[in-house]
Amino acid sequence: MKVGTVTEIKKHEYRVGLTPNSAKAFIDHGHAVYIQKGAGEGSGYQDDMYEQAGCILQDTAKEVFDTCDMIVKVKEPLEPEYRLIRENQIIYTYLHLAADKALTDAMLESKCIGIAFETIKGRNGGLPCLKPMSQIAGRLSVQEGAKYLEKPFGGRGVLLAGVPGVERAKVVVLGAGIVGTSAIKIAAGMGAEVTVLDINLDRLEYLEDIYQGRINTVFSTPQHIQECLADADLVIGAVLIPGAAAPKLIKREYLKNMKKGAVIVDVAIDQGGCSEVSHVTYHDDPVYVTEGVVCYCVGNMPGAVSNTSTNALNNAILNYGLHIADKGAETALKEDAGLLEGLNIYKGKLTYRAVAEVYGLEFTDARACI
Ligand SMILES: NC(=O)c1ccc[n+]([C@@H]2O[C@H](COP(=O)([O-])OP(=O)(O)OC[C@H]3O[C@@H](n4cnc5c(N)ncnc54)[C@H](O)[C@@H]3O)[C@@H](O)[C@H]2O)c1
């Protein structure tokens, strides 16, 4: 199969679909890999590294799309890319179709095969191609929060770890899932006093066991959230209700009782945010101040650490990608029920029920297509 990767064109997106190592894995499996010149630069991979791996470099995205049977990307195709997608071509990337009707229409019209990273299911459940990005966002949330707590960045001038004789910063994590657990690991590791709230008692029990009393676990109620926020230096919003917008757990009025210069990192912003005052920001201007509280609401946090994110993403998507290239899309999808969950578009048919429901479009069972 001819496999290709293009430069991402979304604002401040520096990740790339294939690292030179992953490209080499495809080549070792007998496939040819085409890379748009410069595609890996934002992640620290120069063209000569791809050449050494045995890839063929091409000047434009159009050439790569015209040449290849499968395109491995990171972000959903944007408008200038719609017309490049060809009939029967496999588009293997994050798609998030439920958030983008124009893309859904373009993918259907192109008659391509759209396999979305975010809906592929792992053997033990879970979403293996989404998980690494949540782990990164969770870890990064504390790093970013620590920075914006510094006075020159607008925060209240507090060091997470404190020092002997001066108390540690208080970090409150809302949601004890993958993002929350990753944030706790870093915050506790940096010496902060951590409190986590969740409605899932099993998650709280698990964390209580692991940390052996070194963090506080609190059942999430509006009253408890309000109390914890009033005392917090850094708040990490990490809640998720699958398939729904994030619940607005942080009310505007709670901010009035928070310390001036405290920081909220609303990681759940990609699902609308879990604070009433959250609105999307970008890496070039990530924070704003509301009611004296510094709010960080970047929707694609992993993009900031593009080298780590590209590698973590490649670890998650490579084996599925090789399976598709080795067997062809239909056989690979037939052989792996979890991969089949990733099939959102098949040659003009919408094969992901939740997306069809959002737009009132006709749904076709993926199993009937292949
Ligand atoms: N901004 C970014 O760059 C970025 C990157 C990755 C993930 N995310 C987002 O981060 C959020 C969390 O993702 P995740 O992978 O950790 O999800 P997850 O499903 O693993 O965890 C979510 C947790 O929220 C808890 N929760 C639900 N309602 C709650 C409530 N009322 N109070 C307290 N806890 C509650 C759940 O019980 C669960 O433990 C999602 O919105 C995800 O889309 C954002």
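Helices here are DSSP runs of H or I with at least four residues, numbered from the N terminus. In this predicted model, that numbering assigns residues 306-327 to helix α11, and the residue that follows α11 is G328, whose phi is positive, near 85°.

Helix α11 itself merits a description before the rest of the chain. It comprises 22 residues. From its first C-alpha to its last, α11 reaches 30 Å, close to the 32 Å expected at 1.5 Å a residue. The helix nevertheless contains a kink of about 45°, centred on I317.

The protein chain as a whole contains 15 helices and 15 strands. Its C-alpha trace spans about 65 × 45 × 35 Å along the principal axes. What radius of gyration would a compact globule of 370 residues have? The expected value is near 21 Å, and because the protein chain has 22 Å, the two agree.

The ligand provides the second focus of the structure. A residue is counted as surrounding the ligand if one of its heavy atoms lies within 4 Å of it. By that criterion the shell holds 26 residues, and the closest are V179, D198, S220, D270 and M301. Classified by residue type, the shell consists of 16 nonpolar, eight polar and two charged residues.

Which elements of secondary structure each supply at least two residues of this shell? They are α6 (131-148), α7 (178-189) and β8 (193-198). The largest share, three residues, comes from α6.

Several polar contacts to the ligand involve the protein backbone. A polar backbone atom of V179, a residue also listed among the closest to the ligand, lies 2.7 Å from a ligand oxygen atom. At V267, a polar backbone atom is 3.0 Å from a nitrogen atom of the ligand. A further ligand oxygen contact is made at G299, where the distance to a backbone N or O atom is 3.1 Å. Taken alone, the ligand exposes 870 Å², of which the protein buries 86%.

The description of the ligand site thus rests on two views: a shell with 16 nonpolar residues among its members, and backbone contacts that include those of V179, V267 and G299.

Key: Residues are numbered from 1 along each chain as its sequence is written. This is a predicted model: local features need pLDDT of at least 70, side-chain atom pairs count only at pLDDT 80 or more; totals for chains, interfaces and linings use all residues. Side-chain values use heavy atoms; hydrogens and water are left out. A polar contact is a pair of N or O atoms within 3.5 Å; within protein, one must be able to donate a hydrogen and the other to accept it, and residues adjacent in sequence count only if both atoms are side-chain atoms. Accessible areas come from the Shrake-Rupley method with a 1.4 Å probe; for residues, only the protein chains shown count as cover. Ala, Val, Leu, Ile, Met, Phe, Trp, Tyr, Cys and Pro count as nonpolar, Asp, Glu, Lys and Arg as charged, and the others, Gly among them, as polar. The expected span of a helix is 1.5 Å times one less than its number of residues. The bend at a residue is the angle between axes fitted to the seven residues ending there and the seven starting there. The radius of gyration is taken over C-alpha atoms; the globule rule is 2.2 Å times the number of residues to the power 0.38.
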